[in-house]
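This report describes one protein model with a bound ligand. Please consult the sequence and the structure shown below while reading.

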Amino acid sequence: MTSHQRWTLRTQHTSYTVRLSPDGPWAELDAWGPHGVETGPSALDWSHRTHFITPADAAPAEYLPHGIRPFTGADLVASRPGHERGTWWTFEEADPDEHSLKLTFTDDLLGLRTTLCYATVPGTDVLHRWTELTCTGDEELRLERLDSAAVNVPVTAGARLTYLSGQWSQEFQRTQLHLTRGTFTIGSTQGVPGHAYAPWLAVQDAAAPPDAPAPTYGVALEWPGNWHITTEAEPGAAVRVRAGRVPHEGAVHLAPGDTLTTPRLACAFSADGLDGLSRVWHHYERHLAGERLHRTRKVLYNSWEATGFDVDAADQLQLAKTAADLGVELFVVDDGWFTGRADDTGGLGDWYPDPEAFPQGFDRFVADVRALGLDFGLWVEPEAVSPGSRLHAEHPDWIYRIDGRPARLVRNQLLLDLGRTDVQEFVIATLDRLLTDHDIGYLKWDMNRPPTERGRPDAGPADHLDLDAGHVAGYLRVLDHLRHAHPAVTIEGCAGGGGRIDHATLARTDVVWPSDNTAPLDRLRIQYGFLHAHAPHTMSSWVTDAPGVFDPRPRSLAFRFVTALCGVLGVGADLRAWTGEQRTEAAEWIARYKRVRDVVHHGEVRLLGTPDDATCAVQYDAEDGRRVVVAAFSTGRLDGAPLVPGRAVRLRLRGLDPAATYRDTATATTYSGAHLLHYGLPCAWSADHDAELVVLTRQ
Ligand code: DGJ
């Protein structure tokens, strides 16, 4: 080993350089930024003097165990049962190639081999990092902490952290925090990523003005289970972010000879601020979608808000007929279609269409929907079981439970232990049956309760169960099966709104449901946060009835359509009550959306302003630069027209060619790029004109 060994991994526009530390047996960050940033002395170099801490505590270490790094936050805490905690490893070998790197460290006394893994993601500015842990001794290891990776960010004035926080119905609120010293953690122990925080974080130097095109670093953890992302701001302007699974049962046990692979941490960089970082994540999620990116996301109608549990073929068909007349392409029957599901107290687990709801048979109903020219979709919650269901009576042992303890109900239901192979087989067989027996082109997979009594009696020592990883593996196995066995079926991911949105889920679903809140101004804010982390082609969004059940502030139908068409447009209103005028307007919006959805789903996104501003917008630039689509919103204050009568608000676009000419055929207006960049697009808001969709064609 030489202390000067360095390796550089290059993504599309960035490079990431790791070196072996001159101070001890660990890898540390040398440089991360735009191509070429690695040439020059490392911005993370430090004096190598420490007081009261060790060099390992102060180093910009890529991954260090408790033992070598005793004080300032280790990434791994391992021990043999009955022995002291701690790992003291030596560097063994490096295995680099152009796109990946593996660095291996071993501790023979403990019996642990640790490999830090790096791989670039083709065509993106994302680097994957994860860790492989192998028990090389003859005694099992206890892993109390098993992070995926740590990243280091040089800052001058503390870090500005941007994260997405919330709760049910208020997911993805963009939240910022200035961390000068101390520790800040986000995460979930709910067995899913949760509504409270997205497994995503952006870090900037707090000295840079907010929303400026400044260097911005991001991480996102690919794990639909328990997780944390922890940021530590230490003396000397060092900011280090650790991320990984949370071993909720106390520790994960690693048997002799076994290897545990941690979830991947996707690491992203943009020199262009949070807006640029969002585009990096959008590219990455297009990569995750693979070929399915090019599958047209159909305009959906979902009957949940219109009919709730009161599903009845005649009502549904009436809704389907109206939806089809508006130009909707897909009809989805949500919760309430199966036996025993009159409300949320029953039915889950017994996945058979309710003969009372479909008196002429379910297949006849599906055929009637399809005869309207609509594709057909169905809601399921495969992990759930109602206490009074037949499934629960037959398999009481399939739920999470602890002997002698009461099983609590959440939303009146229990949760299947999807880590069990027999439960996975049941779920796969159920979904196969539904998708084979009926003509279903779309499946909405919901999940509405976290695991509470986390136990699996009779499965060996309770403290050795890794139920979280088991559930995740079962969930991913079923999703993988669906994609493999039913490739034509489009899958929507949902967990009581946006409770389970992470890259493992996004890689196996086509769209996700960010929130149950579809009230216009609330939704705008949720989508604004969502688009920081996720791509528009994943963002399912419905137009529902005004004013909305969550937020009574009135907004026009146009506002609701323009908001929903910022992603994958759907309609969830009770169309039976809509006037002819509303239906005509809706049909026009749907037709307009269809003309631009390729740009919305595949274009470069720029978030213009925020929902706190009087005017904000989302700008989508077509890949070939020929079209620019702007979804613009007046959020409340009319700060143009009333204050300066006759003068429209201006919305400055970004990223256009100043020398090019752009034409808005709808208003027969021609602009230069320079005009749109300098003065901006005029938005003449009034009390009843609060949103617009502008399409500019480059001449
Ligand atoms: C929660 C989901 O987020 C809703 O869209 C709806 O599907 C309900 N569950 C149905 O129970």
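## Burial and accessibility

A residue is termed buried when its relative accessible area is under 20%, exposed when this value is over 50%, and partly exposed in between. The model discussed here is predicted.

Gln-316 belongs to helix H4, which comprises residues 313-326. Because its relative accessibility is 0%, Gln-316 counts as buried. The side chain of Gln-316 also takes part in a polar contact, at 3.1 Å, with the side chain of Thr-307.

Arg-364 is located in helix H5 (residues 362-371). Its relative accessibility of 41% lies between the two limits, so Arg-364 is classed as partly exposed. Along the chain, Arg-364 and Leu-109 are 255 residues apart, and 68 Å separates their C-alpha atoms.

## Domain organisation

The protein is divided into domain 1 (6-290), domain 2 (295-513) and domain 3 (619-698). Between the C-alpha centres of domain 1 and domain 3 the distance is 41 Å.

## Strand E15 and its partners

Strand E15 spans residues 227-234, and 7 of its 8 residues are buried, so the strand is largely enclosed by the rest of the structure. Two antiparallel pairings involve this strand. With strand E12 (residues 182-188), E15 forms 7 bridges in the antiparallel sense; within this pairing, Phe-184 has Thr-231 of E15 as its bridge partner.

With strand E16 (residues 238-245), E15 is joined by 8 bridges, and the two run antiparallel. Here Glu-234 is bridged to Ala-238 in E16. E15 and E16 constitute a hairpin with 3 residues between them. In the turn, Gly-236 has a positive phi of about 80°. In general, strands of a sheet pair through backbone hydrogen bonds, either parallel or antiparallel.

## An open sheet of parallel strands

A further element is an open sheet of 8 strands with parallel pairing, arranged in the order E27-E26-E25-E22-E21-E20-E29-E28. Its edges are formed by strand E27 (511-512) and strand E28 (540-543), each of which pairs on one side only.

Within this order, E20 is adjacent to E29. Strand E20 (residues 300-302) and strand E29 (residues 568-571) pair in the parallel sense over 2 bridges. Tyr-301 stands opposite Val-571 in E29.

## The ligand site

Which residues are closest to the ligand? Of the 13 residues that surround the ligand, the closest are Asp-334, Asp-335, Lys-444, Asp-446 and Asp-516. By class, the shell around the ligand divides into 6 charged, 4 nonpolar and 3 polar residues.

Several side chains place polar atoms close to oxygen atoms of the ligand. For Asp-516, a polar side-chain atom lies 2.4 Å from a ligand oxygen. In the case of Arg-411, the distance between an N or O atom of the side chain and an oxygen atom of the ligand is 2.9 Å. A polar side-chain atom of Trp-513 is 3.5 Å from an oxygen atom of the ligand. The protein covers 97% of the 290 Å² of accessible area that the ligand has on its own.

Methods: Residues numbered from 1 in each chain as written. Predicted model: local features only at pLDDT ≥ 70, side-chain atom pairs only at ≥ 80, totals over all residues. Heavy atoms only, no water. Near = heavy atom within 4 Å. Polar contact = N/O pair within 3.5 Å; in protein donor to acceptor, adjacent residues only side chain to side chain. Areas by Shrake-Rupley, 256 points an atom, 1.4 Å probe, with all protein chains shown as cover. Nonpolar A, V, L, I, M, F, W, Y, C, P; charged D, E, K, R; others polar. Buried < 20%, exposed > 50% of the residue type's maximum accessible area, 1.4 Å probe, protein only. Helix = DSSP H or I, 4+ residues; strand = E, 2+ residues; numbered from the N terminus. Pairing = 2+ DSSP bridges. Domains from an automatic or database assignment.
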